[in-house]
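Please open the structure in a viewer and keep the sequence at hand. The tour proceeds by selection, from the metal sites to the organic surroundings.

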Amino acid sequence: QAKNAGRGCIRYFSESLTQAARDRFHIESRLRQAIPNNELRVYYQPKVDIRSGRIIGAEALVRWQDPVDGLIMPFIFIGIAEETGLIKSLGEWVLAETCRQGKEWIDAGLLPLNLAVNLSAHQFHHGNIVRTLSDVLEITQFPAEYLELELTESILMQRESEMVETLNQLRSKGVSLSIDDFGTGYSSLAYLKTFPLDVLKIDRSFVMDIEKDEDDRAITATIIKIAHTLGLKVVAEGVETQQQLEFLDAHGCDMYQGYLMGKPMPAADFITLLKRINH
Ligand code: C2E
Ligand code: MG
Ligand code: MG
Ligand code: MG
């Protein structure tokens, strides 16, 4: 009986693994075509200055507009893109498109917005990220001081001294650097003193439970203090309620992103919201 159940279990498992591998292959081959076929989109999530309540910029987040399956979220394809190296061209496309859009907004008479783009480890280790950045800034003419590059702790973990050198080169182009999802990695505090960073983004997992969990309140308040002591600006991620915002404001957090102001949205919707909020 148990043996049968066990065997059934294995069969079920191997079938689902085969299915998963088939899905992966399917996604990979279609993703390969997504850039030439113009199926990628950049969505913009507003970033808000807590003191003034004004939208001061946005984070660029990639979406895949598939003709059959509709809008595909990054968790479905970013991992596959990283493992297959497709992330290099995908990441370059997002960077270039975001800077192009940012310059278009400036040319249309909007104040320059602070735009943040996510980078992945592969772009550091297998692409010339410094060269790519220079080329994109030159081609698009987007002002470097309004561009922010978001790094995760998994990027910083690898080849530490090489990384410090690369980050200094990026910064010398005028861009700022932020550490994303802060607090979820292994040795977060050490990173803050080792790497040349400008902005710290507190992970959504701490912000989420601020109202219920005293520990998360203490952690959040302490992260803000440490960051400020080290001269970093602080962004809270995933703010959904007024109560969370009030707590962050009371503890001196500089900026926030979250559904409270808006989800990631197409460029046109972002500008509509920006005009309404900032008057
Ligand atoms: P991330 O960089 O930490 O981006 C924040 C994620 O949190 C976004 O998910 C955003 O939609 C979500 N979020 C923001 N505010 C809230 C909120 O109030 N509540 C909730 N529940 N969620 C919120 P998204 O757009 O699905 O992106 C997921 C991740 O995919 C990103 O996390 C980032 O790591 C990665 N990603 C997205 N675009 C790119 C890209 O162009 N390049 C690379 N390398 N990674 C990207
Ligand atoms: Mg990010
Ligand atoms: Mg994040
Ligand atoms: Mg996150």
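What spacing do the donors of the magnesium ion (ligand 3) follow along the chain? They follow the pattern D-D-x55-E. The model under inspection is a predicted one.

**First selection: ligand 3**

Select the magnesium ion (ligand 3) and display its donors: Asp180 (OD), Asp181 (OD) and Glu237, the last of which appears with two OE entries. The coordination distances run from 2.0 to 2.7 Å. Next, colour the chain by secondary structure. Aspartate 181 lies in strand E6, whereas glutamate 237 belongs to the loop between strand E8 (233-236) and helix H11 (242-250), so the pair ties together parts that are 56 residues apart in sequence.

**Second selection: ligand 2**

Move from ligand 3 to the other magnesium ion, ligand 2; the two ions are 3.8 Å apart, and aspartate 180 coordinates both. Around ligand 2, show Glu59 (OE), Asn118 (OD1), Glu150 (OE) and Asp180 (OD), which coordinate this ion at 2.0 to 2.2 Å. Along the sequence, the donor residues of ligand 2 are spaced E-x58-N-x31-E-x29-D. Two strands deserve a highlight here: asparagine 118 is in strand E4 (residues 114-118) and glutamate 150 in strand E5 (residues 147-151), so this pair ties together parts that are 32 residues apart in sequence.

**Third selection: ligand 1**

Now select ligand 1 and its shell. The shell holds 23 residues, and the closest are Arg63, Asn118, Asp180, Glu240 and Tyr259. Asn118 and Asp180 have already been met as donors to ligand 2.

Which elements each supply at least two residues of this shell? They are strand E2 (55-66), helix H2 (74-84) and strand E6 (176-182). E2 gives the largest share, four residues. Colouring the shell by class shows 10 nonpolar, five polar and eight charged residues.

**Fourth selection: polar atoms around ligand 1**

Three distances may be displayed in turn:

- From a nitrogen atom of ligand 1 to an N or O atom in the side chain of glutamine 45, the distance is 3.0 Å.
- From an oxygen atom of ligand 1 to an N or O atom in the side chain of aspartate 181, the distance is 3.0 Å; aspartate 181 is also a donor to ligand 3.
- From an oxygen atom of ligand 1 to a polar backbone atom of tyrosine 259, the distance is 2.9 Å.

Ligand 1 has 800 Å² of accessible area on its own, and the protein covers 82% of that area.

**Last view: the surface**

Finally, hide ligand 1 and draw the protein surface: the space taken by ligand 1 is the largest pocket.

Conventions:
Residues numbered from 1 in each chain as written. Chains lettered and ligands numbered in written order. Predicted model: local features only at pLDDT ≥ 70, side-chain atom pairs only at ≥ 80, totals over all residues. Heavy atoms only, no water. Near = heavy atom within 4 Å. Polar contact = N/O pair within 3.5 Å; in protein donor to acceptor, adjacent residues only side chain to side chain. Areas by Shrake-Rupley, 256 points an atom, 1.4 Å probe, with all protein chains shown as cover. 1 Å grid on protein atoms, 1.4 Å probe; cavity = no way out; pocket = protein on both sides within 12 Å on 5 of 7 lines; lining within 4 Å. Sits in = over half its atoms within 2 Å of the grid points. Nonpolar A, V, L, I, M, F, W, Y, C, P; charged D, E, K, R; others polar. Donors = N, O, S within 2.8 Å, 3.2 Å for Na, K, Ca; no water.
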